[in-house]
Amino acid sequence: MKLLYFAWLKQKIGTGEEDFPLPADVATVGALVDWLKTRGPGYGEALGDLSVVRFAVNQDFAGLDHPLADGDEVAFFPPVTGG
Amino acid sequence: MIRVQREDFDVGAEMAAMSGNNIGALASFTGLVRGSDGDADIGAMTLEHYPGMTEKKLAEIEAEARERWPLEDCLVIHRYGRLEPGERIVLVITASSHRQAALESCAFLIDWLKTSAPFWKLEERGADGEEWVEARSSDDQAAEKWAATKK
């Protein structure tokens, strides 16, 4: 699966994009967040307060309970501020 | 039509290019980079976006506007990259037979774009360094107003 991080999440995690197979016991966006937080302090800092993080699966907004399949594109970013 | 681009745009030329057989009204909104925010001077800002999802969300917003109002034509241009105060960020133009549809759909497009198109602004605030702009609840309220009025 492809993971994308934008704005300050990219800065805290230290990369904007990574690819790896969907971990075996990860079935939802929420489970992926919990799994990512174990990967290092940058992830913990970026994903510590989920009230300021939004999620997209395959380029549509998604909630923490959204199911995941290998090959999905999952993005993490702050509330949008364009316009 | 949707365009996401680095380069500037010409508002007059874009308005003149709107096409349809029965255009009686053109409405437009242009968003610019402000030079200050309260007491803080803003030197410039960098707009980051999510290529792919940005175009997808803007196309969805345009389709929603065309469903709600009888539009002859519709254009949304949003820039990305580093922009200085006074530079244009975003342009919305709507064309319809009558003013009400043009004005309302233009307001709808910019309100919805602000809360659902994946762009993020990083401001350069002089000695205070760089700061990511935080989303405003007033923008959410402006977008929700349109959700409530869906016909």
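## Chatting through chains A and B

Author: Let's start inside chain B of this predicted model. Setting aside neighbours within four places in sequence, Glu62(B) is in contact with Met1(B), Ile2(B), Cys74(B) and Leu109(B).

Reader: Okay, and where is Glu62(B) found?

Author: In helix H2 of chain B, which covers residues 53-68.

Reader: Is Glu62(B) buried or exposed?

Author: Buried. Its relative accessibility is 10%, and the cut-off for buried is under 20%, so Glu62(B) makes the cut.

Reader: Let's zoom out. How many helices and strands are in chain B?

Author: Four helices and 10 strands. Going along the sequence, the pattern is β-α-β-β-β-β-α-β-β-β-α-β-β-α.

Reader: What radius of gyration does chain B have, next to a compact globule?

Author: Chain B comes out at 16 Å, and a compact globule of 151 residues would be near 15 Å, so the two agree. As for the box, the C-alpha atoms fill roughly 55 × 35 × 30 Å along the principal axes.

Reader: What share of chain B counts as buried?

Author: 44% of its 151 residues. The exposed area is about 7,500 Å², with carbon and sulfur atoms supplying 47% of that.

Reader: What about contacts between residues 24 or more positions apart in chain B?

Author: Take the contacts with a separation of 6 or more: residues 24 or more positions apart account for 79% of them. For a single pair that is far apart in sequence, look at Gly126(B) and Ala40(B). They are 86 residues apart along the chain, and their C-alpha atoms are separated by 8.6 Å.

Reader: Where does Gly126(B) lie?

Author: In the loop between strand E9 (119-124) and strand E10 (130-132) of chain B. Gly126(B) counts as exposed, at 65% relative accessibility.

Reader: Charges next. How many positive and negative side chains does chain B have?

Author: 18 positive and 28 negative, and the centres of the two sets lie 5 Å apart.

Reader: And the count for chain A, positive and negative?

Author: Chain A has 6 positive and 12 negative side chains, with 8 Å between the centres of the two sets.

Reader: Stay on chain A. What are its elements, from the N terminus on?

Author: They run β-α-β-α-α-β-β-β, which is three helices and five strands. The radius of gyration is 12 Å, close to the 12 Å that the globule rule gives for 83 residues, so chain A is as compact as a globular protein of that length.

Reader: And the span of its C-alpha trace?

Author: About 35 × 30 × 20 Å along the principal axes. Of the 83 residues in chain A, 51% are buried. Chain A exposes about 3,700 Å², and 51% of that area is supplied by carbon and sulfur atoms.

Reader: Which residues of helix H2 in chain A are buried?

Author: In that helix, residues 29-37, the buried ones are Val29(A), Gly30(A), Leu32(A), Val33(A) and Leu36(A). Looking down the axis of H2(A), they fall within an arc of 160 degrees, so they line one face of the helix.

Reader: What do those buried residues pack against?

Author: Strands E1 (2-5), E2 (17-19), E3 (54-57) and E5 (73-77), along with helix H3 (41-46), in chain A.

Reader: Glycine again: where is Gly16(A) found?

Author: In the loop between helix H1 (7-13) and E2 of chain A. At 24% relative accessibility, Gly16(A) counts as partly exposed. Its C-alpha is separated from that of Tyr5(A) by 4.8 Å, with the two 11 residues apart along the chain.

Reader: What else is Gly16(A) in contact with?

Author: Leaving out neighbours within four places in sequence, the contacts are Leu3(A), Leu4(A), Tyr5(A) and Lys10(A).

Reader: Last topic, backbone angles. What is phi of Asn58(A)?

Author: Near 50 degrees, a positive value in a residue other than glycine. Gln59(A) is not a glycine either, and has a positive phi of about 70 degrees.

Reader: Where does Asn58(A) lie, then?

Author: In the loop between E3 and strand E4 (60-62) of chain A. Gln59(A) has its place in the loop between E3 and E4 as well. Asn58(A) counts as partly exposed, at 35% relative accessibility.

Technical notes:
Residues numbered from 1 in each chain as written. Chains lettered and ligands numbered in written order. Predicted model: local features only at pLDDT ≥ 70, side-chain atom pairs only at ≥ 80, totals over all residues. Heavy atoms only, no water. Helix = DSSP H or I, 4+ residues; strand = E, 2+ residues; numbered from the N terminus. Rg over C-alpha atoms; globule rule 2.2 N^0.38 Å. Buried < 20%, exposed > 50% of the residue type's maximum accessible area, 1.4 Å probe, protein only. Contact = heavy atoms within 4.5 Å. Areas by Shrake-Rupley, 256 points an atom, 1.4 Å probe, with all protein chains shown as cover. Lys, Arg positive; Asp, Glu negative; His and termini not counted. Charge placed at Lys NZ, Arg CZ, Asp CG, Glu CD. Arc of directions from axis to C-beta.
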